[in-house]
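Q: I would like to learn how to read the open and enclosed spaces in a protein model. Could you take me through them one by one?

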Amino acid sequence: LNASVSLAQRRVTVSVPATVANLGPGLEVVGMAVDIWDEFTLEFADHFSVEIRGLDTPEVPRNEENLVVQGAASAFKEACRPFPTMHFICEHRIPYDKGLGAASAAFVGGFLAGSVLCAEELRHLERSTELRHLEKSTEKSTGRSNSKEGFDVVDCSAPTNASGVETLLEAAIARGWNPGNVCPAIYGAIQIGINTSNGMRSHRVPCPHGLVLCLFVPDGQEEETGLDMELVDRQKAIFNVGRVALLINVFSTQDFSKFQKASEDSLALPHIAGKFPYIKGVCQAALAAGASGACAAGYGPSVLALLPGRTGDALAQSASNQLEQDVAKAMLKAAEEKSISGQILIAKPCDVGAHVVAQKSALGPADEQS
């Protein structure tokens with residue numbers, strides 16, 4: 001009896017950041033990763049189940065319609081592998097359906113975790129296939145069969161290349177989500193999603209250290225979809241192109257005195273203001289309280305205010321903390337005047353996108369030959 005022992009991947013945990021798409025004028029193109037994280041754990045199991053933890057999210061499915069499940073299933077499908085029975089644990093910290101990329105984060109997390117587990121299965125499959133080829137060669141040379149009765153051989157003629165990051169990007173974009181959410185969820189930092197002849201590609205923009213994000217997340221308001229595909233006024237298009245160029249320059253030069261001008265938008269703002277009339281007042285209140293700029297998070301309903309701070313000596317950081325509190329109070333008050341309640345989340349941009357945070361392997365036999 002010849003045997004080898006290997007570590008079989010049985011469980012994996014991944015973390016995916018929240019995202020703010022558009023940043024004003026960068027519709028369906030620009031987005032930023034935010035330091036608020038959802039965590040998803042996948043493990044092989046005897047029975048399918050989905051466990052939801054964290055934020056109260058009754059609207060999140062507990063069945064095969066769950067986006068983490070669908071992301072994992074897509075990863076196995078891309079690798080031409082059957083989808084196994086799994087247990088899913090979803091730890092939600094990103095407010096759901098609030099314009100902060102929770103849906104795309106769930107799919108990205110499921111796909112990434114599924115890819116890790118699937119790659120392990122593929123390695124075992126390759127070892128089993130190599131062993132079967134060796135057995136066939138032995139049979140031909142000795143005239144004896146080493147096969148066990150009922151031994152099943154999996155057909156590996158179909159492509160089984162492991163899914164890469166670009167495959168994940170394309171799979172998420174194909175679901176119809178805003179590239180301004182998908183790209184930074186995968187790659188982190190600030191990303192520019194570009195649709196090319198070879199598919200979607202993403203490019204990183206430098207994200208300075210010390211920025212603070214003050215997010216107003218309203219109660220009882222649901223995420224708005226993007227704009228309908230239609231021709232737009234030429235002058236409005238030129239306006240947005242110029243603002244996007246200025247927006248990228250603001251982050252590249254770290255001159256945030258121009259952020260408010262750079263975050264202006266002439267295409268989506270009428271649509272957003274009609275759906276969420278309180279957003280304009282909340283943005284104005286943030287500016288009056290000292291924020292460098294404010295805009296809708298994606299197409300709403302949340303609002304992002306940007307503050308350059310948390311750098312320098314203790315006095316400078318204390319002043320920054322006071323500014324955060326002033327801006328937060330002003331945003332809440334402006335929303336309350338429109339009869340909109342909500343909460344404030346203080347966060348920062350993050351350089352890191354979706355990543356594996358924990359893995360668990362089981363020691364066991366990999367291949368046997370008798």
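**Pockets, a cavity and one helix residue**

A: Let us begin with the pockets, bearing in mind that this is a predicted model; the largest pocket holds about 610 Å³ of space.

Q: Which residues lie nearest the centre of the largest pocket, and how many residues line it?

A: A lining is read as a list of residues around the space, and here the list has 21 members, with Leu27, Leu227, Asp228, Val232 and Leu267 lying nearest the centre of the largest pocket. When the lining is sorted by class, 13 of its residues are nonpolar, while four are polar and four are charged.

Q: Which helix gives the most to the lining of the largest pocket?

A: The helix to look for is α5, which gives the most, with five residues. Both α5, covering residues 234-253, and α7, covering residues 269-275, supply at least two residues each to this lining.

Q: What is the volume of the second largest pocket, and which residues lie nearest its centre?

A: The second largest pocket has a volume of about 430 Å³, and among the 19 residues that line it, Gln260, Leu269, Cys283, Ala294 and Cys295 lie nearest its centre. The elements that give two or more residues to this lining are α7, α8 (278-288) and the strand β8 (293-296). Of these, α8 gives the most, with five residues, and by class the lining of the second largest pocket has ten nonpolar, six polar and three charged residues.

Q: How many cavities of 30 Å³ or more are counted, and which residues line the largest cavity?

A: A cavity differs from a pocket in that the probe fits inside but cannot get out. The count comes to one cavity of 30 Å³ or more, and the largest cavity has a volume of about 50 Å³. Its lining is made of Val60, Pro61, Asn66, Leu67, Val68, His92, Tyr96 and Ala106, a set in which six residues are nonpolar, two are polar and none is charged.

Q: Now for a single residue: where does Ala103 lie, and which residues does Ala103 touch beyond four places away in sequence?

A: To place a residue, we find its element and then its contacts, and Ala103 lies in helix α2, which runs over residues 102-142. Leaving aside residues up to four places away in sequence, Ala103 touches Leu67 and Trp177, where a contact means heavy atoms within 4.5 Å. Ala103 and Trp177 are 74 residues apart along the chain, yet their C-alpha atoms are separated by 8.5 Å. Leu67, the other residue that Ala103 touches, also belongs to the lining of the largest cavity.

Notes
Residues numbered from 1 in each chain as written. Predicted model: local features only at pLDDT ≥ 70, side-chain atom pairs only at ≥ 80, totals over all residues. Heavy atoms only, no water. 1 Å grid on protein atoms, 1.4 Å probe; cavity = no way out; pocket = protein on both sides within 12 Å on 5 of 7 lines; lining within 4 Å. Points joined across faces, edges and corners; volume = space filled by probe spheres on them. Helix = DSSP H or I, 4+ residues; strand = E, 2+ residues; numbered from the N terminus. Nonpolar A, V, L, I, M, F, W, Y, C, P; charged D, E, K, R; others polar.
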